[in-house]
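Let's take a friendly walk through the charged side chains of this protein. Have the sequence and the model open beside you as you read.

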Amino acid sequence: KRNLKAKFAVGDRIKVNENPAFGRKSQNNGKCGYILEVYKDDVRVELEGLLKKELKLPIKNVEKVPNLLSEVELLISKGDSLVDKGDHVQAREVYEQARLKAAQSGSSEFEGYSISKLGRSFELQGKFEDALKMYNKWMDIRKTDGDEIGFGKACNSVATVLTLLNRHPEAVEMIRQSLAVKQAAGDKAGEAASCTNLGNICKSLGQHDRAMELHQRALQLYSEAGDEVGEGRCRNNLGLLLESLGRNEEALAMHQRSLDIKSRSADSAGQAKARNNMGNVLARMGRWREAMGCYRACLDYW
């Protein structure tokens, strides 16, 4: 295979893992497969194979090339850790290093992924115009590559920021494009994300009943997909909607469920957001001591 990055011989011991970070699917004669990672002596290589298909060894006469994509993955992981600690400036420097290495390797997929991480960092800091620029670049890369699923994800991120900027008509158009791609691909988690974005727009426009329907639909889809992280975000949005309707006890319970999920995934930024939301609801209910406890718990992250 042209993309192997190590030499093998009879008797070599190797480890094969399905790629957990990118999980990109491939098509081979109409069958769905996965990009696999193979490690030999801590060198990362890739094999594209069908599910449950035996990998035949030995593989001989494979040229060893610089392992830049492994470095990209490590940099992205480092950037994610910095974001979790709230150090966005340093995180973006690391993501930019990842982007440059990905471009050097010729991997537009990893370059786009690094750019999406830059956008997410700007979004978390409330720098929405900067986030929009990054997400638009990511979307353009995915469109150029003909990656429909990646394009749908990028559209969804663009829509999220457009919603935050109150540019609702543009956001709705982005979501429609994303939703069409996700439904055609049978991507339930992706469809759920699109429903969430539409729900947030409806909430902003005062269409609370429609917003509730969309968020509950998203929750159902995340559950069917087994996406607990998505479920945590969805419960956060439902909590905010319930809060805006004055249904404080229900909102508090929803934010608590979101906090429980984010605690299991070690999402410190998400935990801080959930605790802050709980503090807001408790303050509205006049439960000041409990509210202060929630706000204090956010200080380590903020």
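What follows is a tour of some of the salt bridges in this structure. Keep in mind that the model is predicted.

Across the whole structure, a search finds 17 salt bridges. A good place to begin is the pair formed by Lys101 and Glu71, whose side chains meet with an N to O distance of 3.0 Å. Lys101 belongs to helix α2 (residues 88-105) and Glu71 to helix α1 (residues 68-84), so this salt bridge ties together parts that are 30 residues apart in sequence. How accessible are the two partners? Lys101 is partly exposed, at a relative accessible area of 25%, and Glu71 is partly exposed as well, at 34%.

Stay with helix α2 for the next pair. Here Arg99 and Glu96 sit three residues apart, about one turn of the helix, and their side chains form a salt bridge of 2.7 Å, N to O. Arg99 counts as buried, with 19% relative accessibility; that places it under the 20% cut-off for buried residues. Glu96, at 28%, is partly exposed. This pair also has company: a network of salt bridges links Glu96, Arg99 and Glu111.

Now move along to helix α9 (residues 228-244), where Arg235 and Glu231 are four residues apart, a separation of about one helical turn. Their closest N and O atoms are 3.0 Å apart, forming a salt bridge. Is each partner buried or exposed? Arg235 counts as buried at 11% relative accessibility, and Glu231 counts as buried at 16%.

Technical notes. Residues numbered from 1 in each chain as written. Predicted model: local features only at pLDDT ≥ 70, side-chain atom pairs only at ≥ 80, totals over all residues. Heavy atoms only, no water. Salt bridge = Lys/Arg side-chain N within 4 Å of Asp/Glu carboxyl O. Helix = DSSP H or I, 4+ residues; strand = E, 2+ residues; numbered from the N terminus. Buried < 20%, exposed > 50% of the residue type's maximum accessible area, 1.4 Å probe, protein only.
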